[in-house]
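User: I'm new to this one and would like a walk through it, feature by feature. Can you show me how to read what's there?

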Amino acid sequence: MKNKQFLLKSRPVGKPTRDNWDYVVNDVAELSDNQLLIRIDYISLDPAMRGWMNEGKSYIEPVQLGAVMRAGTVGQVLKSTDKNFAEGDYVYGHCGVQQYAVVSTQGMHKIDPALAPIERYLGVLGMPGMTAYFGLLETGLPKAGETVVVSGAAGAVGTVVGQIAKIKGCKVIGIAGGADKCAYLVNELGFDGAIDYKSENIKKSLKELCPKGVDVYFDNVGGDILDDVLTQIRMKARIVICGAISQYNNTTAVKGPANYLSLLVNRAKMEGIVVFDNAANYGKAVAEMAGWIAQGKLKAKEHIVTGFDNFPEALLMLFDGENTGKLVLKVEA
Ligand code: NAP
């Protein structure tokens, strides 16, 4: 059995290119004890993958040169040497950018295809959904009647943050790139307003849409947008530092917020989050989110690109703003 794989060939400077990848076809390995052979159906494309390509210390080890690129995946068990997993089970895990994986069962989680389409376990019911749920509810601490602003609002994490904030009775404003994404947030997801950062003056629009100021800012993008929102926060505001996609392909130093003294003036808090810290409680969150989906309160949206070989270009869609909702790669047509 042959297995197509993308290996990390070199560490990118700026945006990754095809030259940073080795596209190889290898034989699938034989199974030893407590292992699974998995056919990978969907590969998660995440902004964090750009960080994993860099050398150096982070919240997780970098991908080694020559290794299969790390990625979240869902797929079906074709063979099992572990009595807890049967042929035909569907599983989530980090199996990497390849068609098949032979992996230890540690870190593999069964998913229920009857509860939701399997690709949803990479989105709302997976890592981005958990990021939104715990980041907003446990760090943002939104209260009914407060104003929540989220950037990267039309993406995997942002769409869920805004919808959960609405469920909790907040006023929600999204910041996203382009009129279509802004219309989607307001008309489809029920946000109270949206700001197109590509054509609007963010400070001015925030003043108009949030006349009392911002209580919770969920930051997915960093850079200038974070700096602008800092000028509009309210007393005791909470700023959730989830990500800084505007900075991930920088070839110069990360741009930090010049307006941080607004935290002092407003006795506000800025706190970073890493989704994996909540792993023990994912089950509870998945159950609640699945309930909200069933009740029509939470809409899930996956943006599916088909064809394993398209991986390098599909990954770049995140940095070019070409996705709405959760970007996933479908391995075969
Ligand atoms: P996503 O929002 O689905 O996709 C990325 C989006 O970022 C793009 O569609 C684009 O939308 C926007 N973007 C790209 N370049 C930008 C720029 N220069 N300025 C402003 N916006 C830009 O991605 P996601 O998976 O939901 O991730 C969102 C953020 O959460 C990322 O920063 C990611 O690293 C972070 N994250 C953190 C954790 C954690 O544990 N801390 C976990 C998951 C994700 P526009 O068209 O609107 O520009």
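Analyst: Sure, let's begin with the ligand. Bear in mind that this is a predicted model. The ligand is surrounded by 27 residues, and the closest are Val-157, Lys-181, Tyr-197, Tyr-248 and Asn-323.

User: What kinds of residues make up the shell around the ligand, by class?

Analyst: Sorting a shell by class is a handy habit. Here you get 16 nonpolar, 10 polar and one charged residues.

User: Which helices each supply at least two residues of that shell?

Analyst: That would be α2 (127–140) and α3 (156–167).

User: Which polar atoms of the protein lie by the ligand's oxygen and nitrogen atoms?

Analyst: Look for pairs of polar atoms and check whether the protein's partner is backbone or side chain. A polar backbone atom of Val-157 is 2.8 Å from an oxygen atom of the ligand. For Cys-242, a polar backbone atom lies 2.9 Å from a ligand nitrogen. Tyr-248 uses its side chain: a polar atom there is 2.7 Å from a ligand oxygen. As for cover, the ligand has 910 Å² of accessible area on its own, and the protein covers 90% of that.

User: How is the protein divided into domains?

Analyst: There's domain 1 (2–123 + 300–330) and domain 2 (127–276). Their centres, taken over C-alpha atoms, are 28 Å apart. The contact between them takes 20 residues from domain 1 and 14 residues from domain 2. Now link that back to the ligand: each of the two domains gives at least three residues to the shell.

User: Let's zoom in on Thr-131. Is it buried or exposed?

Analyst: The idea is to compare relative accessible area with a cut-off, and buried means under 20%. Thr-131 has 6%, so it is buried. This residue is found in helix α2, and a polar atom of its side chain lies 2.7 Å from the backbone oxygen of Met-127. Leaving aside neighbours within four places in sequence, Thr-131 is in contact with several residues, including Val-157 and Cys-242. You've met both already: each has a polar backbone atom by the ligand.

User: And where does Met-108 lie?

Analyst: Met-108 lies in the loop between β6 (100–104) and β7 (109–111). Its relative accessibility is 10%, so Met-108 counts as buried too. To see what surrounds it, skip residues up to four places away in sequence: Met-108 then touches Leu-36, Ile-38, Phe-85 and Tyr-92, among others. Leu-36 is 72 residues from Met-108 in sequence, yet their C-alpha atoms are 9.2 Å apart in space.

Notes:
Residues numbered from 1 in each chain as written. Predicted model: local features only at pLDDT ≥ 70, side-chain atom pairs only at ≥ 80, totals over all residues. Heavy atoms only, no water. Near = heavy atom within 4 Å. Polar contact = N/O pair within 3.5 Å; in protein donor to acceptor, adjacent residues only side chain to side chain. Areas by Shrake-Rupley, 256 points an atom, 1.4 Å probe, with all protein chains shown as cover. Helix = DSSP H or I, 4+ residues; strand = E, 2+ residues; numbered from the N terminus. Nonpolar A, V, L, I, M, F, W, Y, C, P; charged D, E, K, R; others polar. Domains from an automatic or database assignment. Buried < 20%, exposed > 50% of the residue type's maximum accessible area, 1.4 Å probe, protein only. Contact = heavy atoms within 4.5 Å.
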